[in-house]
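Trainee: Could you take me through one part of this structure slowly? I'd like to look at a sheet and whatever sits around it.

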Amino acid sequence: MSDTLAAPAHAETLIKKSRFLACVEPCADREQALGRVAALRAQHPQAAHVCWALMAGGHSAANDDGEPGGTAGRPMLEVLRHQQLEGVLATVVRYFGGVKLGAGGLVRAYGDAVSQALQGAERIALVRRQALAAAVPYALEGVLRRELAAAGLEVEGAEHGALALLRWQAPADQVAALRQRLTDATQGRIDWRDAD
């Protein structure tokens, strides 16, 4: 089971006169990550590098931003992987202090910066959700809505045609039990639909 972060967390380290400003924060996808990195570049125009790593399923990526290949983004991504985080962006803004750290020194510096930021981060369990949709006769719409509310679920959309079609999301590990509960509550008159 993976975790994500509740809110951004920051850390600053000074290594051989270079300042490393690290931030770890929740991030849904690559587009959001690129927007955040662009904002950091605008916020820190004098910085030598703005390196980043994103752990977000199919959107995962790492960027060294001019540091020698594999010495910044990759070590940052490995920290996120090792911590079993998902939906998290790690960024490190480096102000160069005039002393070269070498490849090994850079790998340690970037990895340590992200690790220090994670020490102050509040983690929350990531609950995988599954989209569901079902249609019922109008006489059973209220029953379906009450059962969803009792399960702590919120209707995200409704269409009214020949039947009442409701859409919602549920924790993936509860879907089988929920489907059985709703089928029983509607006496089998529920028509499960493709949620997409």
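Mentor: Let's go strand by strand, then add the helices and the core, and finish with a second sheet.

Keep in mind that what you have in front of you is a predicted model. Start with the sheet that has five strands: they come in the order S2-S3-S6-S4-S5, the sheet is open, and the pairing is antiparallel. In case that word is new, strands of a sheet pair through backbone hydrogen bonds, either parallel or antiparallel. At the edges you'll find S2 (9-15) and S5 (61-63), each of which pairs on one side only. Going from one strand to the next, the twist averages 15°.

Now zoom in on S2 and S3. They form a hairpin with two residues between them, and Lys-16 in the turn has a positive phi of about 45°. S3 covers residues 18-26, and seven bridges join S2 to this antiparallel partner. You can follow the pairing on your screen: Ala-9 has Val-24 as its bridge partner in S3, and Ala-11 has Ala-22. S3 also pairs with S6, again in the antiparallel sense, this time over eight bridges. One place to spot that pairing is Phe-20, whose bridge partner in S6 is Arg-94. S3 is mostly covered, too: seven of its nine residues are buried.

While you're at the hairpin, click on Thr-13, which lies in S2. Is Thr-13 buried or exposed? Its relative accessible area is 12%, and the cut-off for buried is under 20%, so Thr-13 counts as buried. Leaving out residues up to four places away in sequence, Thr-13 touches Ser-18, Arg-19, Phe-20, Ala-113 and Gln-116.

Next come the helices on this sheet. H1 (residues 30-43) lies across S3, S4 (49-55), S5 and S6 (88-95), and runs at about 160° to S4. H2 (residues 73-82) packs on the sheet as well, where it touches S4, S5 and S6; the direction of H2 makes about 35° with that of S4. The buried residues of H2 are Gly-73, Pro-75, Met-76, Leu-77, Val-79 and Leu-80. They pack against S4, S5, S6 and H3. After H2 comes Gln-84, with a positive phi near 55°.

That takes us inside. As a rule, in soluble globular proteins, nonpolar side chains tend to be buried together. Here the largest nonpolar core has 27 residues, and the ones with the most contacts inside it are Val-24, Met-76, Leu-80, Val-92, Tyr-110, Val-114 and Leu-118. Two or more residues come from each of S2, S3, S4, H2, S6 and H3 (102-119). H3 gives the most to this core, with seven residues. Take Tyr-110 as a way in: not counting residues up to four places away in sequence, Tyr-110 touches Phe-20, His-49, Cys-51, Glu-67, Thr-71, Ala-72, Met-76, Val-92 and Arg-94. You've already met Phe-20 and Arg-94 as bridge partners.

Now move further along the chain to the other sheet. Four strands form this open sheet, in the order S9-S10-S8-S11, with antiparallel pairing. Its edge strands are S9 (155-160) and S11 (191-193), each pairing on one side only. On average, neighbouring strands here are turned by 25° against each other, direction ignored. S8 (residues 129-136) and S10 (residues 164-171) run antiparallel and are joined by eight bridges. For a pair to look up, try Ala-133, whose bridge partner in S10 is Arg-167.

H4 packs on this sheet, touching S8, S9 and S10, and its direction makes about 10° with that of S10. H5 lies across S8, S10 and S11, at about 150° to S10. The two helices also meet: H4 (residues 141-150) and H5 (residues 175-185) pack at an angle of about 145°, with their axes 10 Å apart. From H4, the contact is made by Val-143, Leu-144, Glu-147, Leu-148 and Ala-150, and from H5 by Arg-181, Leu-182 and Ala-185. By class, that contact has six nonpolar, no polar and two charged residues. Finally, there's a second, separate core of 16 residues, which includes Val-136, Leu-140, Ala-170 and Leu-178.

Technical notes: Residues numbered from 1 in each chain as written. Predicted model: local features only at pLDDT ≥ 70, side-chain atom pairs only at ≥ 80, totals over all residues. Heavy atoms only, no water. Axes fitted to C-alpha atoms, helices over the stretch in contact; angles between N-to-C directions. Contact = heavy atoms within 4.5 Å. Nonpolar A, V, L, I, M, F, W, Y, C, P; charged D, E, K, R; others polar. Pairing = 2+ DSSP bridges. Core = buried A, V, L, I, M, F, W, Y, C linked by side-chain atoms within 4.5 Å. Buried < 20%, exposed > 50% of the residue type's maximum accessible area, 1.4 Å probe, protein only.
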